[in-house]
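Student: Could you pick a single part of this model and give me a close look at it? I'd like one connected walk-through that starts there and works outward to whatever else matters for the picture.

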Amino acid sequence: MAPLLDIKKATKIYGGGMLSAGPVTVALQDYDLTIEESPATITTIAGESGSGKSTLANLVLGFTDLTSGQIIYRGRDLAEMTAQERIDYRREVQAVFQDPYAVYNPFYRVKHVFDLIIRNFKMASSKAEARDMIEDALNVVGMRGEEVLEKYPHQLSGGQRQRMMMARAYMLKPKLIVADEPVSMVDASLRAMILDIMLRLRDEEGMSFLYITHDLSTAYQIGDHIYLLYQGSVAESGEAAAVIENPKHPYVQLLLDSIPVPDPSVKWGGDEATTIDDEEMRVSVDSGCRFYPRCTQRMDRCLEASPVPFPVGANNHNASCFLYDEEAKILA
């Protein structure tokens with residue numbers, strides 16, 4: 001059986017081209033990811049701002065095109081899909097975005113977001129059937145139609161709006177939901193509720209998630225697998241618990257060490273301050289390891305080529321660092 005989603009050597013470069021001789025930015029480079037059809041999983045894409053997380057989400061959702069590489073959904077290349085296959089893809093791959101304020105049209109009542117997809121995808125043959133479908137979706141996220149559907153977006157809280165986006169995505173019964181920072185703009189109690197909804201949709205409805213976040217605590221809490229990005233490249237990947245509990249890549253180790261502990265006697269941060277241009281290694285796919293300027297274990301070969309993922313543990317735990325190139329060690 002073909003994987004649900006198979007991303008191969010996905011690269012996205014902004015700038016340059018025939019009409020522009022200006023600098024380019026490699027937003028994503030040689031990215032590989034596979035999500036199996038079954039069982040449903042939550043795959044976390046984590047990293048700091050500008051690491052390429054949202055670029056990946058936009059590529060998977062078809063909002064922008066690859067510079068090179070492939071995105072294959074159930075055996076079909078996204079770039080080669082017919083018009084009908086595109087429609088089916090958009091129904092089976094849904095999105096929940098970061099900003100619960102920006103996704104609503106303020107001139108329509110909130111029921112409009114449900115009416116729109118029911119009409120566009122011809123999901124119901126009557127108003128009564130449509131209303132039942134909407135109610136069922138709202139119940140999944142702990143809401144009732146009579147309380148929210150006739151209101152305007154400004155009359156709902158941010159948490160209510162975000163839960164309604166989860167309900168809208170659920171109503172289409174998708175195979176994959178791309179959740180781009182879905183809890184970053186809601187408070188702690190609602191964050192826990194939305195994460196719980198994601199877990200229930202995975203376990204009870206068989207829906208997989210591509211969970212985009214910068215929050216490693218939620219990645220650890222709900223993620224099955226994790227990919228940690230640094231400036232468009234995968235630094236480390238594997239089972240979420242294994243990567244976060246036992247990081248191998250120098251960047252991931254530094255990232256996790258920078259998380260403050262709840263103890264005022266423990267100093268937060270190191271003694272050394274590093275001031276570099278974070279984008280200086282991102283102007284070419286041939287510019288070597290992105291983390292080179294900040295790495296305390298860098299080698300000359302790190303500037304010669306980008307490191308490929310090397311196995312560093314069980315269950316496909318990989319780190320893109322020449323420190324783990326066992327073949328090179330043997331030859332040396």
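Tutor: Setting aside residues up to four places away in sequence, asparagine 318 touches Ala235, Glu236, Ser237, Pro309, Phe310, Pro311 and Val312. Bear in mind that this is a predicted model. Asparagine 318 sits in strand β12, which covers residues 317-319. Its relative accessible area is 19%, so it counts as buried, the cut-off being under 20%. Just before that strand, the loop between β11 (310-313) and β12 holds asparagine 315. Asparagine 315 isn't a glycine, yet its phi is positive, about 55 degrees.

Now let's zoom out. The protein chain has eleven helices and twelve strands, and buried residues make up 45% of its 332 residues. If you take contacts between residues at least 6 apart in sequence, 64% of them join residues at least 24 apart. The chain exposes about 17,000 Å², with carbon and sulfur atoms supplying 51% of that.

What about the inside? In soluble globular proteins, nonpolar side chains tend to be buried together. Here the largest nonpolar core has 41 residues, and the members that touch the most others are Phe114, Leu138, Met164 and Leu201. Two or more residues each come from α3 (112-120), α4 (127-140), α6 (158-171), β7 (176-180), α7 (188-205) and β8 (208-213). The largest share is that of α6, with seven residues. There is also a second, separate core of 28 residues, including Ile45, Tyr73, Val93 and Tyr227.

Two of those well-connected members are worth a visit. Methionine 164 belongs to helix α6, and at 0% relative accessibility it counts as buried. Beyond its neighbours within four places in sequence, methionine 164 contacts Tyr104, Val110, Phe114, Leu138, Met143, Val148, Leu149 and Leu156. Its C-alpha is 7.5 Å from that of valine 141, with their positions 23 residues apart along the chain. Phenylalanine 114, for its part, touches Ile134, Leu138, Leu149, Met164, Ala167, Arg168 and Met171, again not counting residues up to four places away.

Next, follow the chain out of α6. Lysine 173 lies in the loop between α6 and β7, and it is partly exposed at 42% relative accessible area. Leaving out residues up to four places away in sequence, lysine 173 touches Asp136 and Met207. Lysine 173 and arginine 91 are 82 residues apart in sequence, but their C-alpha atoms are 8.1 Å apart. On the other side of β7, the loop leading to α7 contains glutamate 181. Phi of glutamate 181 is near 50 degrees, a positive value in a residue other than glycine. With a relative accessible area of 9%, glutamate 181 is buried.

That brings us to α7. Aspartate 187 caps its N-terminal end, with a side-chain oxygen 3.1 Å from the backbone nitrogen of leucine 190. The helix has 18 residues and spans 25 Å from first C-alpha to last, close to the 26 Å expected at 1.5 Å a residue. Its buried residues are Leu190, Ile194, Leu195, Ile197, Met198, Leu201 and Arg202. They cover an arc of only 145 degrees around the axis, so they lie on the same side of α7. The face turned away from that side carries the exposed residues Ala188, Ser189, Asp203 and Glu204. What covers the buried residues of α7 includes β3 (42-46), α4, α6, β7, β8 and α8 (216-222). Just after the helix, glycine 206 takes a positive phi of about 70 degrees.

From there you land on serine 208, which is in strand β8. Serine 208 is buried, at 1% relative accessible area. Apart from residues up to four places away in sequence, serine 208 touches Leu4, Ile35, Glu36, Ala40, Thr41, Lys175, Leu176 and Ile177. One last backbone detail is at proline 39, in the loop between β2 (25-35) and β3. The peptide bond joining serine 38 and proline 39 is cis, with omega about 0 degrees.

Definitions and conventions:
Residues are numbered from 1 along each chain as its sequence is written. This is a predicted model: local features need pLDDT of at least 70, side-chain atom pairs count only at pLDDT 80 or more; totals for chains, interfaces and linings use all residues. Side-chain values use heavy atoms; hydrogens and water are left out. Helices (H or I, at least four residues) and strands (E, at least two) are DSSP runs, numbered from the N terminus. Buried means under 20% relative accessible area, exposed over 50%, partly exposed in between (1.4 Å probe, protein chains only). Contact means heavy atoms within 4.5 Å. Accessible areas come from the Shrake-Rupley method with a 1.4 Å probe; for residues, only the protein chains shown count as cover. A nonpolar core is a set of buried Ala, Val, Leu, Ile, Met, Phe, Trp, Tyr and Cys residues joined through side-chain atoms within 4.5 Å. The expected span of a helix is 1.5 Å times one less than its number of residues. The arc is that of the directions from the helix axis to the C-beta atoms. A polar contact is a pair of N or O atoms within 3.5 Å; within protein, one must be able to donate a hydrogen and the other to accept it, and residues adjacent in sequence count only if both atoms are side-chain atoms.
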